[in-house]
Amino acid sequence: MNLEMRDPAVERIGVLETAALLRELTAGLIAVDDFDEALAALVRIGRDAVDGVSWCGFTALRAGEPAGVAASDERLAGLDDLGHGPDSPAMDAIRRREMILSEHLGREPRWPAWTPRARELGVHGVISAPVDVDEQVIGAINLYAGAADVLTPGHQLTAMLLAEHAGLLLAAVRDRARRAARAGELDSSLLGDGVVGQAIGVIMTQRGCPAEEALDVLRSAASSLDIPLREVADRLVSTVSRPRDT
């Protein structure tokens, strides 16, 4: 698809506006570690930040899991949901790995089941851009216009940049979630470990804190002393177990 940079429509979108969109998207997703929460933030930002776009949706395909959907307006969630059929702009974008555009759904011969539902909901134009997240997740971001013939080459360029940036941020979200899950498994293992578990119990008693906070205290001490966590735990348990002089 030719996105000629000298096209006045592209210039109207503007570099500054696109940069602001990507900056807002980064700020909205940078600390999130839940994928569905990240999708909700993504579609909200996409709707609010792109002129001429009335709604935004996301269709996600996850290996071994049902397709995921996020929508800036729940009324339109069915348009992103593959459960209503495989023929849709989002699925075409995912299958063909390219941007899909319909400027005027009233003249659109593709997606004969999807298009009437979209028009009934007030959608008259759509851009779907593929999003590569990681080896387990692919998807499409869907920008919907409430009027026909308002989606320009500038909107296509914005959709392309939004999809590429979103893919990187969503990959980071999934990586943080995996690391948090591994840390949780490690915490559970440590809490059940003999000497570490005893040391955690000592700290909980002394400080009146929960186990997770006691484990953080042990980790902080191990980091400060530059010695293994288990050694810190052993020293603490040995100290409190040592008989007092009478």
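Helices α8 and α9 are roughly perpendicular to each other in this predicted model. The axes of α8 (residues 194-207) and α9 (residues 211-225) cross at roughly 110 degrees and come within 9 Å. Because angles of 65 to 115 degrees count as roughly perpendicular, the crossing falls in that class. On the α8 side the meeting residues are V196, A199, I200, I203, M204 and R207, and their counterparts in α9 are A211, A214, L215, V217 and L218.

**Overall composition**

The protein chain contains ten helices and five strands. Of its 246 residues, 43% are buried. Among contacts with a separation of 6 or more, 59% join residues 24 or more positions apart.

**Salt bridges**

Side chains of opposite charge can pair when their charged atoms come close. The count of salt bridges comes to eleven, and the table gives three examples.

| Pair | Closest N and O atoms | Relative accessibility of the Arg | Relative accessibility of the acidic partner |
|---|---|---|---|
| R62 and D36 | 2.9 Å | R62: 15% | D36: 43% |
| D149 and R107 | 3.3 Å | R107: 57% | D149: 47% |
| R235 and E231 | 2.9 Å | R235: 45% | E231: 32% |

R62 forms a salt bridge with D36. This pair links distant parts of the chain, with R62 in strand β1 (residues 55-62) and D36 in helix α3 (residues 35-49), 26 residues apart. R62 counts as buried, whereas D36 is partly exposed.

The salt bridge of D149 with R107 has its closest N and O atoms 3.3 Å apart. D149 lies in the loop between β5 (137-145) and α7, and R107 in the loop between β3 (100-102) and α6 (114-120), so the pair ties together parts that are 42 residues apart in sequence. Here R107 counts as exposed and D149 as partly exposed.

R235 and E231 both belong to helix α10 (residues 229-241), where they are four residues apart, about one turn of the helix. R235 is partly exposed, as is E231. Elsewhere, D87, D92 and R95 are joined into one network by salt bridges that share partners.

**A buried arginine without a salt bridge**

R176 is found in helix α7 (residues 153-191). What is the nearest side chain of opposite charge to R176, and how far away is it? That side chain is D33, at 6.2 Å. Since a salt bridge requires the nitrogen and the carboxyl oxygen to be within 4 Å, R176 has no salt bridge, although R176 is buried. A polar atom of the R176 side chain does lie 3.2 Å from the backbone oxygen of I30. Not counting residues up to four places away in sequence, R176 touches L29, I30, A31, V32 and D33.

**A buried serine in a loop**

S88 is found in the loop between α4 (77-80) and α5 (89-96). Is S88 buried or exposed? With a relative accessibility of 3%, S88 counts as buried, because the cut-off for buried is under 20%. The side chain of S88 reaches the backbone nitrogen of M91 at 3.2 Å. With residues up to four places away in sequence left out, S88 touches L82, W111 and W114. The C-alpha atoms of S88 and I100 are separated by 9.8 Å, and the two residues are twelve residues apart along the chain.

Methods
Residues are numbered from 1 along each chain as its sequence is written. This is a predicted model: local features need pLDDT of at least 70, side-chain atom pairs count only at pLDDT 80 or more; totals for chains, interfaces and linings use all residues. Side-chain values use heavy atoms; hydrogens and water are left out. Helices (H or I, at least four residues) and strands (E, at least two) are DSSP runs, numbered from the N terminus. Buried means under 20% relative accessible area, exposed over 50%, partly exposed in between (1.4 Å probe, protein chains only). Lys and Arg count as positive and Asp and Glu as negative; His and the chain ends are not counted. A polar contact is a pair of N or O atoms within 3.5 Å; within protein, one must be able to donate a hydrogen and the other to accept it, and residues adjacent in sequence count only if both atoms are side-chain atoms. Contact means heavy atoms within 4.5 Å. Axes are lines fitted to C-alpha atoms, for helices over the stretch in contact, and angles run from 0 to 180 degrees between N-to-C directions. Angles under 35 degrees count as roughly parallel, over 145 as roughly antiparallel, 65 to 115 as roughly perpendicular and the rest as oblique.
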